[in-house]
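Dear colleague,

I am handing over the structure below, and after it I set out what was found. Please read the notes with the coordinates open beside you.

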Amino acid sequence: MVRRTSARRTKRKKKFQLDRKWMLGIGGAAAVAIVCTALFLILGSQTIEAKKGELSFSESGQGIIIRSETLYKSENYGKVEFLAEEGQAVTEGTPIAAVYSWNYSDKDYADLKALQDKIMDYQQGNILKDVVNKDLENLNKVIEEKSEEIRAVTRGEADGDLLQMERELETLMEERTKFLKESVKEDQTLADFYQQEEALMAKIDDWKEITLAKGDGVVSFYFDGTETLLQPSNMKKLTLQNINDILEGKTFYKADTATASRPFYRLVNPNEWYVVMVCDREIPEFVNGMAFTVDFSYGGDGASYTGNLSDYRTDGGKHLYYFSFTQPIDKLLLARQVKMTVSADYVGIQVPASSIKEVDGQKGVYYKDGENKVFAPVTVLIEKDGHAIVQPIDLKSPLDVGSLIYP
């Protein structure tokens with residue numbers, strides 16, 4: 001009896017131990033499940049505070065400048081004297097140049113200059129005794145210095161605007177002529193000289209016609225042969241081949257043999273011009289309507305402007321970006337092919353790049369609004385090094401610096 005009772009107790013004890021282990025196993029699994037659920041809820045509700053951030057961007061490449069300009073031609077002429085300066089702002093009716101017809105005679109012009117030299121020599125030899133010659137000496141010195149400057153530029157030993165320098169020289173010489181005429185008493189010899197001078201000037205004036213500006217703008221007398229092709233109305237039609245041809249220096253101007261006309265001057269709207277930039281890859285930071293700082297390098301000079309990206313397309317595997325400018329063109333009045341660097345400093349709401357999601361084709365971020373998780377569509381201004389600067393599409397959106405963002 002005793003042995004049987006011990007066996008039963010031993011059997012019941014083993015059974016109890018097995019049930020206890022089974023219960024502990026179930027309890028442990030439940031505990032693990034609860035912990036995992038809690039961790040999931042905690043981690044799933046984790047947020048990151050949006051900060052005010054700044055990220056910079058730059059991209060370099062080649063471009064061509066397209067100006068809003070009108071090219072004016074003139075029939076064949078024998079001689080031209082520019083009255084307006086290169087780069088001068090003019091209004092309609094401003095004198096641009098004195099144009100001499102094709103039958104203009106160089107001999108008559110040379111005769112006039114020789115006579116004027118003779119008159120000046122006579123005047124200087126017969127200047128009134130009581131006139132102080134210091135002013136004349138100063139004028140002669142300045143004229144000689146200006147003449148030497150022009151010779152240096154002509155020889156390639158110095159830089160300068162020849163048109164402007166020649167105009168300055170002409171003004172100085174006219175000032176000297178007036179001074180001598182007022183300082184020397186007219187005798188019969190001078191009277192004869194003056195009469196001959198007037199006759200020659202009248203003859204030359206018969207060949208001369210003053211060209212007036214046909215509109216408002218900045219005047220230029222330099223051409224590169226692409227003015228008629230590179231117009232704002234044509235720029236979206238330019239092919240990659242057209243652009244490459246221009247970058248390689250090809251011209252498209254053809255002389256008008258029927259009227260023997262040729263380019264004479266162009267009027268440029270200084271506050272409307274464009275640049276087409278050619279890139280090997282798509283630039284995600286280039287968003288239509290965005291403003292960028294554009295630094296140009298042209299002819300050894302540099303210039304910085306603010307431009308807006310106005311359009312974009314692809315052609316031949318290249319990416320063409322169109323920038324528009326409304327600042328005065330200034331140094332780029334003669335530029336066509338340019339090296340350029342486009343840059344921007346983006347300041348705004350900084351979030352982790354990984355927090356940007358796409359819902360129904362729209363990029364945005366989830367943020368915490370009270371107890372709610374809300375999706376805010378955004379414009380991604382720039383992504384860099386795991387961060388992004390964003391801007392809410394709805395300007396009334398509560399999304400702002402300090403918002404709690406879901407990763």
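Arg151 has a relative accessible area of 35% and is therefore partly exposed, and please keep in mind throughout that this is a predicted model. The side chain of Arg151 meets that of Glu144 in a salt bridge, with 2.8 Å from N to O. Glu144, at a relative accessible area of 45%, is likewise partly exposed, because that class covers the range between the buried limit of 20% and the exposed limit of 50%.

This pair belongs to a wider set of contacts, since a search of the whole structure finds 14 salt bridges. Another of them joins the side chains of Arg336 and Asp224, again with an N to O distance of 2.8 Å. Here the two partners come from distant parts of the chain, 112 residues apart: Arg336 sits in the loop between β11 (318-325) and β12 (337-352), while Asp224 sits in the loop between β7 (217-220) and α6 (240-247). Arg336 has a relative accessible area of 5% and so counts as buried, whereas Asp224, at 26% relative accessibility, counts as partly exposed. Both residues also take part in a network of salt bridges that links Arg67, Glu69, Asp224, Arg266 and Arg336.

A further salt bridge lies within helix α2, where the side chains of Asp111 and Lys107 meet at 3.0 Å, N to O. The two residues are 4 positions apart in that helix, which means that about one helical turn separates Asp111 from Lys107. Asp111 is partly exposed, with a relative accessible area of 31%, and Lys107 is exposed, with a relative accessible area of 57%.

How are helices α2 and α5 packed against each other? Helix α2 (residues 106-125) and helix α5 (residues 188-207) pack at an angle of about 155°, and their axes are 10 Å apart. Because this angle is over 145 degrees, α2 is roughly antiparallel to α5. The crossing that α2 and α5 form is left-handed.

Finally, there is a nonpolar patch on the surface, of about 240 Å², to which Leu83, Ile210 and Leu212 contribute. Of these residues, Leu212 is placed in strand β6, which covers residues 208-212. With a relative accessibility of 42%, Leu212 counts as partly exposed, and Leu212 can therefore be part of such a patch, for which over 30% relative accessible area is required.

With best regards

Methods: Residues numbered from 1 in each chain as written. Predicted model: local features only at pLDDT ≥ 70, side-chain atom pairs only at ≥ 80, totals over all residues. Heavy atoms only, no water. Patch = residues over 30% accessible without salt bridge, like charges linked within 9 Å, V, L, I, M, F, W, Y side chains within 5 Å. Areas by Shrake-Rupley, 256 points an atom, 1.4 Å probe, with all protein chains shown as cover. Salt bridge = Lys/Arg side-chain N within 4 Å of Asp/Glu carboxyl O. Buried < 20%, exposed > 50% of the residue type's maximum accessible area, 1.4 Å probe, protein only. Axes fitted to C-alpha atoms, helices over the stretch in contact; angles between N-to-C directions. Parallel < 35°, antiparallel > 145°, perpendicular 65-115°, else oblique. Left-handed = near helix turned anticlockwise from the far one by under 90°.
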